[in-house]
Amino acid sequence: MQQHAAEGTHKLQRKLKSRHLTMIALGGAIGTGLFLASGNAIYTAGPGGALLAYGLTGIMVYFLMTSLGELAAYVPTSGSFRTYAARFVEPSFGFAIGWNYWYNWAVTIASELSAATLIMKFWFPNSPSYLWSGLFLILIFLLNALTVKGYGESEYWFAFIKVATVIIFIIVGLLMIFRILGGGVPGFANFTVGDAPFHGGFLAAFGVFLAAGYSFQGTELLGVTAGESEHPEKNVPKAMRTIFWRILLFYILAIFVIAMVIPYTSPNLSITDTVMVSPFTLVFQKAGLAVAASVMNAVILTAVLSAGNSGLYASTRILYALARKGEAPKFLAYVTPRGIPIWALVVTTAFGMLAFLASGFGDGIVYNWLLSASGMCGFIAWLGIAVSHFRFRRAYVAQGGKLSDLPYRAKWFPFGPLFAFAVCLIVIIGQSFGAFTGGKIDWGSVISAYIGIPIFLTIWLVAKWKMKDRLIPLTACDVSRHEDAGRE
């Protein structure tokens, strides 16, 4: 009763349709990493090294997504990773995963606000930064504060713009490669120019592989949105069957087009902080589209707003789920008649704004540390998904569950979650390998890259000590689909 008093009589509402789920997950993965950073991957490791790195990362993400798909279709909850970790591993692990994921996206909101102001200065170079950051923060707050359907619809169109741009880019690029469209592209010759296709050897490809993981982060948003989707037992599997292949095709084909049109030796590919030399802009300009820079700037702005919009949604739902379980202040579990956890939304927005304001003081030192701490959080969440799915499937079978009764069954179990766990662990451990390869260890880079790990472990161990819990035996895991599980 006490829990319902905190929430009022209102619940989250299942208003997200199948098309929303698909585009939210697509939009979460297609962002500035593809539009700006993909060129640097080719410049660093050559076309072959970049394609190999992104392909391997894509396989890891495939298994993570199928693991999450099985969990989300069986127990669709906005608590997502927190709920699965708490039910199938141990409550303290769920507590730590929940706060880890909330922090990850709350700080991401601040970084997207910073990026949006830089993008607007492409058109309005002398305008104040706080004007744009304030306007965009109000915009994404309102999109999240109205209804969940409003969020889903806005994210659908944000993602639609990005997807349409990538498809047009791939078509234009292929026409240039096959010399149907002008631009002076030498067919497939750039694939072997210089010491391509593999430039820089194993270490260069490994460095791109580590960076590629960041580009795919956001695909796990499907797990959070499942708690507010219509017919999740049908729509989650439907979205799962298409999302991964679309994302992988977009990345692989886009990188292939860039590598064929622009040789990896071009120094322009190494620049990642301006739309003027975005590999997408360079390819469009080579095709004779003079307005490419302005168009791509608008698309990248859409990508940034989409990331901020999704970040605010995901972190709000996780904070709400933590409050429902007494792991955050109870007032954060209050839900409006429109189905919005409004106080969780307000607190998350305020945190994102404060983190952004920190970027303007002391040369942004505080903000840079906040951002560094969040860099590892996405990978830790992915580890949590792999562990939770492995434990869930084993507990489900141990308690007599029939695999045929699962709404969606991940293939290649147990290889899938074990492979995803191992590869994700390699990415985490190797995050700052470059700091150790020079003559002198760059301790600043090392601390910055790994600070998220001790923070997570501290939260987990302190929670474990306070809760006095231990690993839940497989026969004691809660593998039921009780009604409240879908609204946690």
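**View 1. Glu112, a buried charge without a salt bridge.** In this predicted model, Glu112 is buried but forms no salt bridge. Which side chain of opposite charge is nearest to Glu112? That is Lys162, at a distance of 9.0 Å. A salt bridge needs a nitrogen and a carboxyl oxygen within 4 Å. Glu112 sits in helix 5 (residues 91-120). Beyond its neighbours within four places in sequence, Glu112 contacts Val304, Ala307 and Gly308.

**View 2. Trp382 and the largest nonpolar core.** This core holds 157 residues. Trp382 is among the members that touch the most others, along with Phe35, Tyr101, Phe169, Leu222 and Phe280. Helix 3 (residues 32-74) gives the most to the core, with 20 residues. Look around Trp382 itself: leaving out residues up to four places away in sequence, it touches residues including Met60, Val61, Leu64, Phe216 and Cys424.

**View 3. Helix 7, checked by its span.** Helix 7 covers residues 148-177, a run of 30. At 1.5 Å a residue, it should span 44 Å. Its end C-alpha atoms lie 43 Å apart, so the model agrees with the expected span. After helix 7 comes Arg179, with a positive phi near 60°.

**View 4. Confidence along the chain.** Mean pLDDT is 84, and 93% of residues reach 70 or more. Among the elements, helix 15 (residues 377-398) has the highest mean, 94, and helix 1 (residues 2-7) the lowest, 43. Over residues 1-7 the pLDDT stays under 50. It is also below 50 over residues 483-488. Where pLDDT is low, predicted coordinates should not be read in detail.

Note on methods. Residues numbered from 1 in each chain as written. Predicted model: local features only at pLDDT ≥ 70, side-chain atom pairs only at ≥ 80, totals over all residues. Heavy atoms only, no water. Helix = DSSP H or I, 4+ residues; strand = E, 2+ residues; numbered from the N terminus. Expected span 1.5 Å × (residues − 1). pLDDT = per-residue confidence, 0-100. Contact = heavy atoms within 4.5 Å. Core = buried A, V, L, I, M, F, W, Y, C linked by side-chain atoms within 4.5 Å. Buried < 20%, exposed > 50% of the residue type's maximum accessible area, 1.4 Å probe, protein only. Lys, Arg positive; Asp, Glu negative; His and termini not counted.
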